[in-house]
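Work through the exercises below with the sequence and the structure side by side. Try each task before reading its solution.

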Amino acid sequence: MRLGHRAVNGPGPRGRAFRYAEPVATGERRDGGGRGLFYKIRVAILATILFGVALYAVRDVRSRRARKDWERTLSIALVIVSDGPLAPDAVPALKAQVPALEARLASEAARRDVRSPFSFHVVGPVEHRVPPPAPSGDGIADLAAHALASYRWTSDVDAKTGESLSSYDSRIYLVAHAPRSADRQVVEGVSEDGGRVGTVVVDLDASMADLALIVVAHELFHTLGATDKYDEHGHARVPEGLAEPGRVPLYPQRFAEIMARNRPVGPAEEKVPLRIDELAVGDLTAREIGWAP
Ligand SMILES: [Zn+2]
């Protein structure tokens, strides 16, 4: 079983730079009156568009930052997308565990005096046989192309749900297909760092419900600005990837830190969490999302 994951930066709306092809000689007005009316109208329209884009970007950044004030419960859309037929009990098992995830995260928040941090709204399942786009690299052009492809993909899925999803604080798309192997099941996620959209792809059967939702929580926390707490080998970093870094003896840890993914049971040994009550939010992650100063 592999718990894979990548995070990418989500670009915000971008203004396009325009270049005018008619240079004006300095200190000199030509044609006795300058530009024509059509030119002025065109510039006015372009300026208005640029102003609108800039205004939207500023408001969206403020709105996304305000999520971390925790003055209200964040509404999270969990959009279940079926990529082909699933076992009849797979989605009901997943849905049945969503209140447990909500309660577990509320319990972790309460330790930091934050009340009712999340309210999950389950949407779907909707069938969509197109896999979510995967980033092809970490360059700016790759990220921009991935952002555009993701926007198109989520727009297509949203249209199938028949619901307006744009007002949610974050949207996590859980793409489920039947397990392709009896002995190996995969969960992978990709999120916008500090953005609004995360994606989880899972080989889903009823036994995978808790792990799938643990990865949903990991990706949700990325949308709130939390960073990964595991090293290049996939092992929890010490101490920030440990839920209880002061525990004596240190191992085995009782919990899996949400951004470290696994539960360390020894200095070089970890176990994939299989139950939601194994999940915990470490102190650095809590600070990153505004639960602690
Ligand atoms: Zn991650």
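Two residues are in contact if their C-beta atoms, placed from the backbone, lie within 7 Å. Residues carry numbers that start from 1 along each chain as its sequence is written. The model is predicted, so local features need pLDDT of at least 70 and side-chain atom pairs count only at pLDDT 80 or more, while totals for chains, interfaces and linings use all residues.

**Exercise 1. Find the contacts of arginine 67 and decide whether arginine 67 is buried or exposed.**

Step 1: Helices (H or I, at least four residues) and strands (E, at least two) are DSSP runs, numbered from the N terminus; arginine 67 lies in the loop between H1 and E2.

Step 2: Leaving out residues up to four places away in sequence, arginine 67 touches Leu74, Asp169 and Leu224.

Step 3: A residue is buried if 20 or more other C-beta atoms lie within 10 Å of its own, exposed if 12 or fewer, and partly exposed in between, with C-beta atoms placed from the backbone. Arginine 67 has 20 other C-beta atoms within 10 Å and is therefore buried.

Step 4: Arginine 67 and isoleucine 289 are 222 residues apart in sequence, yet their C-alpha atoms are 8.9 Å apart in space.

**Exercise 2. Describe the surroundings and the backbone of tryptophan 70.**

Step 1: Tryptophan 70 is placed in the loop between helix H1 (37-66) and E2, and it counts as partly exposed because 18 C-beta neighbours lie inside 10 Å.

Step 2: Not counting residues up to four places away in sequence, tryptophan 70 touches Val114, Pro117, Gly290 and Trp291. From C-alpha to C-alpha, tryptophan 70 is 9.6 Å from phenylalanine 118, although 48 residues separate the two in sequence.

Step 3: The phi of tryptophan 70 is near 55°, a positive value in a residue other than glycine. Serine 116, in the loop between H2 and E3, also has a positive phi, near 45°; with 14 C-beta neighbours inside 10 Å, serine 116 counts as partly exposed.

**Exercise 3. Check the length of helix H2, then look for a kink and for packing partners.**

Step 1: The expected span of a helix is 1.5 Å times one less than its number of residues. For the 21 residues of H2 (residues 90-110) this gives 30 Å, and because the end C-alpha atoms are 31 Å apart, the two values agree.

Step 2: The bend at a residue is the angle between axes fitted to the seven residues ending there and the seven starting there. In H2 a kink of about 30° lies at valine 98, shortly before proline 99.

Step 3: The buried residues of H2 include Ala90, Leu94, Leu101 and Arg104. Among the elements that the buried residues of H2 pack against are strand E2 (74-82), strand E4 (170-177) and helix H4 (209-223).

**Exercise 4. Which element gives the largest share of the largest nonpolar core, and where does this core lie?**

Step 1: A nonpolar core is a set of buried Ala, Val, Leu, Ile, Met, Phe, Trp, Tyr and Cys residues joined through C-beta atoms within 7 Å. The largest one has 55 residues, and those with the most contacts inside it are Leu78, Leu174, Val200, Ala212, Val216 and Ala217.

Step 2: The largest share of this core, 10 residues, comes from H4.

Step 3: Domain bounds come from an automatic or database domain assignment. Domain 1 (1-11 + 73-99 + 110-220) and domain 2 (226-293) both give residues to this core, so it lies between them.

Step 4: Beyond its neighbours within four places in sequence, leucine 174 is in contact with residues including Leu78, Val200, Ala212 and Val216.

Step 5: H4 is largely enclosed by the rest of the structure, because 15 of its 15 residues are buried. Just after H4, glycine 225 takes a positive phi of about 100°.

**Exercise 5. Where are the cis peptide bonds that precede proline 125 and proline 239?**

Step 1: The bond from glycine 124 to proline 125 is cis, with omega near 15°, and proline 125 lies in strand E3.

Step 2: The bond from valine 238 to proline 239 is cis, with omega near 5°, and proline 239 is placed in the loop between H4 and strand E7 (256-257).

**Exercise 6. Judge the confidence of the model along the protein chain.**

Step 1: pLDDT is the predictor's confidence in each residue, from 0 to 100. The protein chain averages a pLDDT of 85, and 87% of the residues score at least 70.

Step 2: Over residues 6-32 the pLDDT is below 50, and this stretch has 32 contacts in the model beyond near neighbours in sequence.
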